[in-house]
Amino acid sequence: MTDYFKEKYLLFRAKNKDPEAFSKVYDLYAEKIYRYIFFKVRTEEDAQDLTSEVFLKTWQYINESGKDVKNLNALFYKIARNLVVDYYRKLSQQEVLLEQEVLEKQQALISKKDLQDVESKIQMEKVEEKLKELKEEYRDAIILRYVEQLSIKEIAVILEKKSGAVRVILYRALNVLKELMEEKEDEKK
């Protein structure tokens, strides 16, 4: 059974309140959603909590809204994105953790998952540093496309934009990121 049909079948079973089917959906998406959230929040604990909340809200949406879910992947990322926005709204009322601790934890996660050699790690750290300087829409588009490897269509659903607009956003975001990276290199010379 292809992934598309497997996902549709599991979604159908989950919509009929089959917890076993939803646990299989969880197995398919948990790591990706966690990684996406982790890039955007301050601690591992917050990322874990928000990831759990994404799955709870998805279960509720599937079983209580009565709406048809056309793209489960996009639904997960859209809910995750909205929860991260809510997280930062709440965080503004609470004490903020030290930025260095966050960077160390993110670097540890990235090195475990994606980077094998030291040179790549150093380059990724530079990119991460410059990503923080991008406006949120650009940062989201780059993370969704190049870290999470989502399609333009899926990103369009998550960002609530048309596919053409997402392409433009990605083009502009990459140009701004490139300029920021070149500025950093010029500063070193």
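Buried means under 20% relative accessible area, exposed means over 50%, and partly exposed is in between. Those cut-offs sort the residues on this tour of a predicted model.

**Whole chain**

Start with the whole protein chain in a cartoon view. The protein chain has 9 helices and 0 strands, so read along the sequence the pattern is α-α-α-α-α-α-α-α-α. Colour the chain by burial next: buried residues make up 40% of its 189 residues. Among contacts between residues at least 6 apart in sequence, 66% join residues at least 24 apart.

**The nonpolar core**

Which residues have the most contacts inside the largest nonpolar core? Select Ile33, Ile37, Val54, Leu72, Phe76 and Leu144 to see them; the core itself has 49 residues. Two or more residues of this core come from each of helix 2 (19-38), helix 3 (44-64), helix 4 (72-91), helix 7, helix 8 and helix 9 (163-188).

For a view from helix 3, select threonine 58, which is found in that helix. Threonine 58 has a relative accessible area of 0%, which means that it is buried. Show its surroundings and, leaving out residues up to four places away in sequence, Phe22, Leu72, Leu75, Phe76 and Ile79 are touched by threonine 58.

**Helix 7**

Now select residues 136-147, which form helix 7, and find aspartate 140 within them. Is aspartate 140 buried or exposed? Its relative accessible area is 0%, so aspartate 140 is buried. Display the side chain of lysine 40 as well: a polar contact of 2.2 Å joins it to the side chain of aspartate 140. Beyond the residues up to four places away in sequence, aspartate 140 touches Tyr36, Lys40, Arg81 and Leu159.

Move to isoleucine 142, also placed in helix 7. Isoleucine 142 has a relative accessible area of 6% and is therefore buried. Which residues are in contact with isoleucine 142, apart from its neighbours within four places in sequence? They are Leu131, Leu134, Val147, Leu170, Ala173, Leu174 and Leu177. Draw a distance from isoleucine 142 to leucine 170, C-alpha to C-alpha: the two are 6.5 Å apart in space and 28 residues apart in sequence.

Leucine 144 appeared earlier among the core residues with the most contacts. Select leucine 144 again and show what it touches, not counting residues up to four places away in sequence: Tyr36, Tyr77, Gln149, Leu150, Ile155, Ile158 and Leu159.

**Helix 7 against helix 8**

Add helix 8, residues 152-159, to the selection. How far apart are the axes of helix 7 and helix 8? They are 10 Å apart, and the two helices pack at an angle of about 145°. The crossing of this pair is right-handed. To see the contact, show Asp140, Ala141, Leu144 and Arg145 on helix 7, then Ile152, Ile155, Ile158 and Leu159 on helix 8. By type, the residues of this contact are 6 nonpolar, no polar and 2 charged.

Stay with helix 8 and colour its residues by burial. Of its 8 residues, 6 are buried, so helix 8 is largely enclosed by the rest of the structure. The buried residues are Ile152, Glu154, Ile155, Ala156, Ile158 and Leu159.

**The loops on either side of helix 8**

Select glutamine 149, in the loop between helix 7 and helix 8. Glutamine 149 has a relative accessible area of 65% and therefore counts as exposed. What is the phi of glutamine 149? Phi is near 55°, a positive value in a residue other than glycine.

In that loop between helix 7 and helix 8, select serine 151 too. Its relative accessibility is 30%, so serine 151 counts as partly exposed. Draw a line from serine 151 to alanine 74, C-alpha to C-alpha: 77 residues separate them in sequence, and they are 9.7 Å apart in space.

Finish at glutamate 160, in the loop between helix 8 and helix 9. Just after helix 8, glutamate 160 takes a positive phi of about 60°. With a relative accessible area of 59%, glutamate 160 is exposed.

Conventions:
Residues numbered from 1 in each chain as written. Predicted model: local features only at pLDDT ≥ 70, side-chain atom pairs only at ≥ 80, totals over all residues. Heavy atoms only, no water. Helix = DSSP H or I, 4+ residues; strand = E, 2+ residues; numbered from the N terminus. Buried < 20%, exposed > 50% of the residue type's maximum accessible area, 1.4 Å probe, protein only. Polar contact = N/O pair within 3.5 Å; in protein donor to acceptor, adjacent residues only side chain to side chain. Contact = heavy atoms within 4.5 Å. Axes fitted to C-alpha atoms, helices over the stretch in contact; angles between N-to-C directions. Left-handed = near helix turned anticlockwise from the far one by under 90°. Nonpolar A, V, L, I, M, F, W, Y, C, P; charged D, E, K, R; others polar. Core = buried A, V, L, I, M, F, W, Y, C linked by side-chain atoms within 4.5 Å.
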